[in-house]
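Open the model in your viewer and switch to a cartoon view. Then follow the stops below in order.

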Amino acid sequence: EAELKARETNGPAVDEDHYAIAVYGIPSQMAKDPRALADRVKGQSSLKREGQKDLKPSSVDVIPRDDGAVVVFLFPKKELVASDGKVEFSTLIGDLQFTLAFHLDQMMYQGKLEL
């Protein structure tokens, strides 16, 4: 929805059963084979929750663009609840390591958890 408001019509599509985390600006040369990159990255990515098993993405999609590829990670909504507190997203895309913590109580929109 945010990309539509920003007039980005070629943004990633997300169904209502998943939360999406997108990493923008991945160098195009790393995404020459989008499917192979997605397969590699899927196994090297997770959401870490304190006291619980790491949550792996159900799917990863690589979208080549002129300004660099977008890697979209989809996580099942049913696996995350606001009471999980803090989750940490971690991925390795080629030589690039990304880690970001999300405080789920701050990710509420209209009374629902939105990531």
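**Stop 1: the sheet.** In this predicted model, select the three strands that form an open sheet in the order 2-5-6. Their pairing is antiparallel. Now look at the edges: strand 2 (45-49) and strand 6 (96-103) each have a single partner strand, so one side of each is left without a neighbour in the sheet. Turn the view to compare strand directions. Neighbouring strands of this sheet are turned by 15 degrees against each other on average, direction ignored.

**Stop 2: strands 2 and 5.** Add residues 86-93, which make up strand 5. Five bridges join strand 5 to strand 2, and the two run antiparallel. For one residue pair, pick Lys48 and find its bridge partner in strand 5, Glu88.

**Stop 3: the helix on the sheet.** Select residues 34-42, helix 2. Helix 2 packs on the sheet and touches strand 2 and strand 5. Its direction makes about 135 degrees with that of strand 5.

**Stop 4: the hairpin.** Move to strand 3 (residues 59-63) and strand 4 (residues 69-76). These strands run antiparallel, joined by five bridges. Ser59 stands opposite Leu74 in strand 4. Five residues lie between the strands of this hairpin. Click Gly68 there: its phi is positive, near 115 degrees.

**Stop 5: confidence.** Colour by pLDDT. The protein averages 83, and 87% of the residues score at least 70. Which helix has the lowest confidence? Select residues 2-5: helix 1 has the lowest, at a mean of 48. Confidence is highest in helix 2, at 95. Where pLDDT is low, predicted coordinates should not be read in detail.

How values were computed. Residues numbered from 1 in each chain as written. Predicted model: local features only at pLDDT ≥ 70, side-chain atom pairs only at ≥ 80, totals over all residues. Heavy atoms only, no water. Pairing = 2+ DSSP bridges. Helix = DSSP H or I, 4+ residues; strand = E, 2+ residues; numbered from the N terminus. Axes fitted to C-alpha atoms, helices over the stretch in contact; angles between N-to-C directions. Contact = heavy atoms within 4.5 Å. pLDDT = per-residue confidence, 0-100.
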